[in-house]
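Hi,

Here is the structure I said I would pass on. Have a look at it first, and my notes follow below.

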Amino acid sequence: MSSAVLEKVAGGADADGPWAVETHGLTKRFGESIAVNSVDLRIPRGCAFGYLGPNGAGKTTLIRVLLGLTRADAGTMSLLGYPVPRHRDLALARVGAIVDEPRFHGHLTGRQNLQILAAAREPAARGRISAALERVGLAHRADDRVSKYSMGMRQRLGVAACLLGDPQLLILDEPMNGLDPAGMHDMREMIHSLVAEGRTVVLSSHLLDEVERTCDAVAIVDRGKVIRQGPIAELLAGTSMEVEIDCSAPEAAQTLLVRENRGGRVTVREQGLAIALPTGTSHDAIAEMNRILVEGGISVYRLEVNQASLESWFLEVTSRLGSEE
Amino acid sequence: MTALPPQARTGSVQHVVEAELRPDDHRGSPLPTFAMIATRFMELRKRRGLMIALIAVNIGIPGVFLAIRLLAHAIAPHSYGPAGGYSVFSGLVVGILFGFGFIVAATLGCSAGAVDLTEGVFRHLVVTGRSRVALYLARIPAGLAIIVPLVAVGFTIVCSVCVFAAPAKLSYDGVNMPAGLSRSAFVSFAKSHPNQVYCDFPYRNLTSLGVPCGPNGNVGKITTPPGVTAPIPPSKAQFEATVVKIANQDYTDYSKNFRTPPLSLMVEAGMWVELEAILGFFVGLGLASLMGQRTVPVVLMIVLEVILTPLLTREVIPHMINGQRGLVGLAMNHIEPSALPHLSGLHGSGNGAGLLSESTTVAVCVIVGWLVVWTVLGAWRMATRDA
């Protein structure tokens, strides 16, 4: 496929189609169980998008459906503006993906594995092999057999395979698996650089901390259903922050604060209290709580304010759903 | 359905783009590109264990067998006969290259059909947007590019040794004699070597002359125990008449024996062995793609070749006779070159002698059917399975 023509396609779609991935009512069943349950998803172009969920939530199944690895039972979807599966070949021409763990022919070298994948793409893909290996830091081991690669090196090779098609959209399923801290840092930097080039990166993961550091927007999936989606900053707005207080007589302290009605949900812990407060609660209000406790004869040993993280928000959202059911 | 970009809806840009894309790339086409075939060939060729097995069976076994015979004949020519000749050729073709060639070709086919799935690479290939049928079909020329030359090399070695190291004379039932004689020349030879013909050539339904045979084809004297009347020895004319009858009986059998395999037989046998290997590859590829694994299809193919085919080509099962005729092994038996000994071990030589009856047309249809059906089944499964 000529690169210029693809640029034209991507350019046209960029101008008028804001979504890199769009699904409506996408459903996938395995017998009685529903792995993907009427998912409506919109992933904007040019961002790093996290697709979060606990194990077994249906993250990988959704990716497999999007990429045509398995068929959807209901719903519609499009990639880069192309409806799939009708224009699957055109859509996937500019998509790179790692699904599950990246697996390759162990008896071949990394370069030879990429040659096989490049042969299935446009002729220009073969010319991108060296650059892709260089970019993921595997150039020096490119001619070693993959069976000698570590898990982290296979992850890198998987990313190199994604880059062969000069993709507008990269879908990476658990790309941090098997990476050491330095490898995770490198992967994070690479994702940032890919996004900076105008590509869209969809990151499926259960590593919330990594997703928070890497992504601009997220969708939370649980039991096959997308329960929240949007930019991280927007999603965290309005969520609670937590104040931890180590003190003497925690029960008495709880009674005191509840009686004074300073807001928030106060719970007793082994060494003190935990107070959930709305995000944006001022430091003065927290100092006022400290004053009430001290004047009430309670000794305060430690007071720590924890801003809401994606992790706490995720746990809050998923536990709320669980309790609602 | 999500609204497409305005260009796509109106078709003004996207349709033009598609028209430009497809001729260049053919990504949705079911036909594989040369690059896909070449890389698939590389992937199979780099499987060291598989290649060693292929080379060992197709080249190694006949090569070692012939090398030992050559050495033995060179060291002790009176004890060990020449390494080549027609009998060695037919034995190697029918006994080794045909049967084992099928099994190793099937193993290659099973590997080609299943390794992408079992090694998790198939999904990477599907994600490229390339037609799944094209991904499947790329394996066929790649696999054939390995198995066909290998079989050809092994067969060429066998042919070369059997021609160039053939015995100087034909050994027919232990009698060294010229090959390719006409009937009259064969009878003349019999008349000039009556003792050897009488003692060594097979014959049937002839009145015994009562003449005993000694070692090395020499006619002995008629001896009787004391007190028993000695039979009248046959006259020279009676003896010669008997020898001529034996020669006439044996001429048909003799005419199927050659000092060296004839060129026409070598060509026919070569094509027959290649076809068997190609069949093995196609069936293995289709079956492994259908099942999504390698080991079980390989075992099934061995069972088909070693157990089922010999059983079902020898015994006629009245209510399954058409099912038996659909067996590819039977069809291959029927198109076996007539100058080769029968591969199923039945009496008579090739071309289906002693087998369940089947016309050549039916045999050809069965072979083509097996090639097509297994290819279609494999392609269908690869196109529809979850990657």
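How far does helix α16 of chain B reach from its first C-alpha to its last? Keep in mind that this is a predicted model. The answer is 36 Å, close to the 36 Å expected at 1.5 Å a residue, for a helix that has 25 residues and covers 360-384.

I also checked which parts of that helix are covered up. The buried residues of α16(B) include two tryptophans, Trp370(B) and Trp374(B). Ala363(B), Val366(B), Ile367(B) and Leu371(B) are buried as well, and the list goes on with Thr375(B), Gly378(B), Ala379(B) and Met382(B).

Now chain B as a whole. Its secondary structure comes to 16 helices and two strands. Of its 387 residues, 47% are buried. If you take the contacts in chain B between residues at least 6 apart in sequence, 74% of them join residues at least 24 apart. The accessible surface of this chain is about 17,800 Å², and carbon and sulfur atoms account for 65% of that.

On to chain A. The domain assignment splits out domain 1 (3-235) and domain 2 (240-307), and the centres of these two domains of chain A, taken over C-alpha atoms, are 44 Å apart.

There is also a hairpin to look at in chain A, made by β1(A) and β2(A) with two residues between them. Strand β1 (residues 19-30) and strand β2 (residues 33-44) run antiparallel and are joined by eight bridges. Lys28(A), for one, has Val36(A) as its bridge partner in β2(A). In the turn, Gly31(A) has a positive phi of about 65 degrees.

Cheers

Notes:
Residues are numbered from 1 along each chain as its sequence is written. Chains are lettered from A and ligands numbered from 1 in the order in which they are written. This is a predicted model: local features need pLDDT of at least 70, side-chain atom pairs count only at pLDDT 80 or more; totals for chains, interfaces and linings use all residues. Side-chain values use heavy atoms; hydrogens and water are left out. Helices (H or I, at least four residues) and strands (E, at least two) are DSSP runs, numbered from the N terminus. The expected span of a helix is 1.5 Å times one less than its number of residues. Buried means under 20% relative accessible area, exposed over 50%, partly exposed in between (1.4 Å probe, protein chains only). Two strands pair if DSSP finds at least two bridges between them. Domain bounds come from an automatic or database domain assignment. Contact means heavy atoms within 4.5 Å. Accessible areas come from the Shrake-Rupley method with a 1.4 Å probe; for residues, only the protein chains shown count as cover.
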